[in-house]
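Q: I would like a close look at one part of this model, please. Here it is.

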Amino acid sequence: MTRPDPTGTLARPPTRFDKWADRSFRGLAATSAALAVLLVVGIVAQIAGQAEPAVREYGVDFLTTSKWDPSGKKFGVLPQIAGTLYSSVLGVALGSLFGVTVAIVLTQDFLPPRLEAVAKGVVELLSAVPSVVYGLWGIFVVIPALRPLANAAHETFGALPIFGTRLSGPGLLPAAFVLAIMVLPTVTAISRDALAAVPGKLREAAFGLGATRWEAIVKVVLPTASRGIFGAIVLAFGRAVGETMALAMLLGNSNSFSWSLFAPGTTLATLMANQWPESGAVEKGALMYAGLVLLGITLLINSVGTLILRRTVRVEEAHQ
Amino acid sequence: MSQAEALAAPPALYTPHAAPRATDAAVELRLKSLHYGDFRAVRDVNLTIRRNAVTALIGPSGCGKSTVLRCINRMNDLVRGFRLDGEVRFRGRDIYDKAVDPVAVRRAIGMVFQQPNPFAMSVARNVTFGLKLNGVRDHLNERVEQALRGAALWDEVKDHLNKSALSLSGGQQQRLCIARAIATQPEVILMDEPCSAIDPIATLKIEELMTALKAKYTIVIVTHNLQQARRVADDTAFLYVDRSAGGRTGYLVESGPTAEFFANPREKPTQDYVAGAFG
Ligand SMILES: Nc1ncnc2c1ncn2[C@@H]1O[C@H](COP(=O)(O)OP(=O)(O)OP(=O)(O)O)[C@@H](O)[C@H]1O
Ligand SMILES: [Mg+2]
């Protein structure tokens, strides 16, 4: 027999206050969650509502034609869609390469611990720089620095479409370059966490088998952290697709798509920023439609990313 | 019987106190002191590790067994602030010589760790990992089978070679780590408490394995388990902690053939440790 329960704590039912506190906290949590969802739904509905006349009017042609002619009331965002994807892919590719490298340097004992902490802080600081400052930096530093190189590349390899034009001012390459720096903190911070989470015993195992430091990183550490790094890249992509200010300043405003890295270009976000102030009612509707397309692209990227992540998780769990 | 056949055969029932078979040295430790930063962790370890024998390092926790073991394949190089004064002779040279590449040392002297640490890859790719590092690309299937047989794991995994190594049990994972270590045919295998994270039956398997493996390899094992040392080791070395002068420095008290070591320990700390551990 066990001893009796003299204080009666086991049998004490929750007081009315306990119940009230519990219920109100649950209510608060549920309300906040619902509000967040409602807000997103509301925004999408609002944009969709504003875009609706344009969606009716232009339909799928909006996505497959290239003219943006407010006076002729002809609207198509094919160059903007292509430009959004092209600039994001370039920017994220550059930024990921750079960001993952930085994350490796920050986690794999390349630096003394104190320097590691300082470098980590500096990279995080980059995310605090406002978009417009990046734009100015791009105009006054990046474009002048890239111009001689770009023009030399054009002179030598001008036959290749990606070097097909000169870089006279704003253009895709400086925009992608600045975009890369802008997504760098995201990529670095998340990949750094993923790399730091790789168990030390796996690195030891690799070294114990006679791997060099780079072999250990490339063959064991990176593959083990690949899920986290992939997540970082998806997030960066989401950010790059929607980036407006810096791109509007650096990409020029050409309303046409070019494969040349040195040609000015356009994206959905910069189109909206550039056209909105002087647009009439019909064009505003078309811009809302463009916004809806942008939202769709962002959503698509995130869902595909989540899907791929979830699949790899499932594969991994099946293996546990 | 060829070496491959010897490895393919199931491990024979081992005989405790196996008689010493070979006498030449695989590794000679001449350690004056080992430091982590300012902390002197180990001093004065002079030990000859015989070829094709199992040598056990025993001693209380913190006496520097792992530190000494990890000197033998320069794993301690990875620890910031680690310093070694002394030498480790292997193949006729000091592996701490400036001309020696630690990566090459680790390819010749393999290691099995306390925690099973297979990579998050398939069973087969775990085994071929070291082979590929060495540029070996032919007959991989045969080599995988041979290594897994050598680690007494083949029958359990032969139908799941492409399954993730993480799906194996702890004991199987540890034997996979042994297979991974022997796949590259190193000369020496270091094992740091290889059985501490696994159950008694798996432990028995690994003990049998060590006895079988010494036909081909030289084995150094760290263990907390004196019975295990008695069962598998040909030689036993006892490290103890010297607390004089306020330090906690480990040193080698004595070493010798296992039977003799346990029957007639010469030094007082050894006598106490062996007696205490046996109650
Ligand atoms: N990476 C390290 N940095 C600093 N000190 C260390 C490090 N590794 C071990 N030490 C110290 O060196 C001494 C010896 O440690 P070691 O791990 O070799 O002991 P051990 O005999 O293997 O102990 P155990 O039986 O608990 O595994 C201990 O005092 C420990 O605190
Ligand atoms: Mg230890």
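At what angle do helix α5 (residues 131-157) of chain A and helix α6 (residues 172-196) of chain A pack, and how far apart are their axes? Please go on from there to the other packed helices and their surroundings.

A: Happy to help! This is a predicted model, in which local features need pLDDT of at least 70 and side-chain atom pairs count only at pLDDT 80 or more, while totals for chains, interfaces and linings use all residues. Residues are numbered from 1 along each chain as its sequence is written, and chains are lettered from A and ligands numbered from 1 in the order in which they are written.

Helices α5(A) and α6(A) pack at about 130 degrees, with 9 Å between their axes. The axes are lines fitted to C-alpha atoms, for helices over the stretch in contact, and the angles run from 0 to 180 degrees between N-to-C directions. Helices here are DSSP runs of H or I with at least four residues, strands are runs of E with at least two, and both are numbered from the N terminus. The pair α5(A) and α6(A) is therefore oblique; angles under 35 degrees count as roughly parallel, over 145 as roughly antiparallel, 65 to 115 as roughly perpendicular and the rest as oblique. The crossing of α5(A) and α6(A) is right-handed, a label used if the near helix is turned clockwise from the far one by less than a right angle, with left-handed for anticlockwise.

On the α5(A) side, A:Tyr134, A:Gly138, A:Val142, A:Ile143, A:Leu146 and A:Ala150 meet A:Leu173, A:Pro174, A:Phe177, A:Val178, A:Ile181 and A:Met182 of α6(A). Two residues are in contact if their C-beta atoms, placed from the backbone, lie within 7 Å. By class, this contact of α5(A) with α6(A) has 11 nonpolar residues, 1 polar and no charged. Ala, Val, Leu, Ile, Met, Phe, Trp, Tyr, Cys and Pro count as nonpolar, Asp, Glu, Lys and Arg as charged, and the others, Gly among them, as polar.

Elsewhere in chain A, A:Trp20 sits in helix α1 (residues 16-58). A:Trp20 counts as exposed, because 11 C-beta neighbours lie inside 10 Å. A residue is buried if 20 or more other C-beta atoms lie within 10 Å of its own, exposed if 12 or fewer, and partly exposed in between, with C-beta atoms placed from the backbone. The C-alpha atoms of A:Trp20 and A:Ser279 are 54 Å apart, and the two residues are separated by 259 residues along the chain.

Now to chain B, which puts 20 residues in contact with 15 residues of chain A. On the chain B side, the elements giving two or more residues are α3 (102-108), β6 (109-112) and α4 (123-133). That side of chain B comprises 10 nonpolar, 6 polar and 4 charged residues.

Chain B also has packed helices. Its helix α5 (residues 140-150) meets its helix α7 (residues 170-183) at about 125 degrees, with axes 8 Å apart, so α5(B) and α7(B) are oblique to each other. Their crossing is right-handed. Here B:Arg143, B:Ala147, B:Leu148 and B:Gly150 from α5(B) meet B:Ala179, B:Ile182 and B:Ala183 from α7(B), a contact of 5 nonpolar, 1 polar and 1 charged residues.

Helix α7(B) packs with helix α8 (residues 200-213) of chain B too, at about 20 degrees and with axes 9 Å apart, which makes α7(B) roughly parallel to α8(B). This crossing of α7(B) and α8(B) is right-handed. B:Gly171, B:Gln174, B:Arg175, B:Ile178 and B:Ile182 of α7(B) meet B:Ala202, B:Lys205, B:Ile206, B:Leu209 and B:Leu213 of α8(B). In the loop between α7 and β7 (188-192) of chain B lies B:Gln185, a residue with a positive phi of about 50 degrees although it is not a glycine. B:Gln185 is buried, with 20 other C-beta atoms within 10 Å.

Finally, the ligand. Of the 14 residues around ligand 1, B:Tyr36, B:Ser61, B:Lys65, B:Ser66 and B:Thr67 come nearest; a residue is near a molecule or strand if its C-beta atom, placed from the backbone, lies within 6 Å of it. Both β2 (39-50) and α2 (65-71) of chain B supply at least two residues of this shell, and α2(B) gives the most, with 3 residues. The shell around ligand 1 has 5 nonpolar, 7 polar and 2 charged residues.
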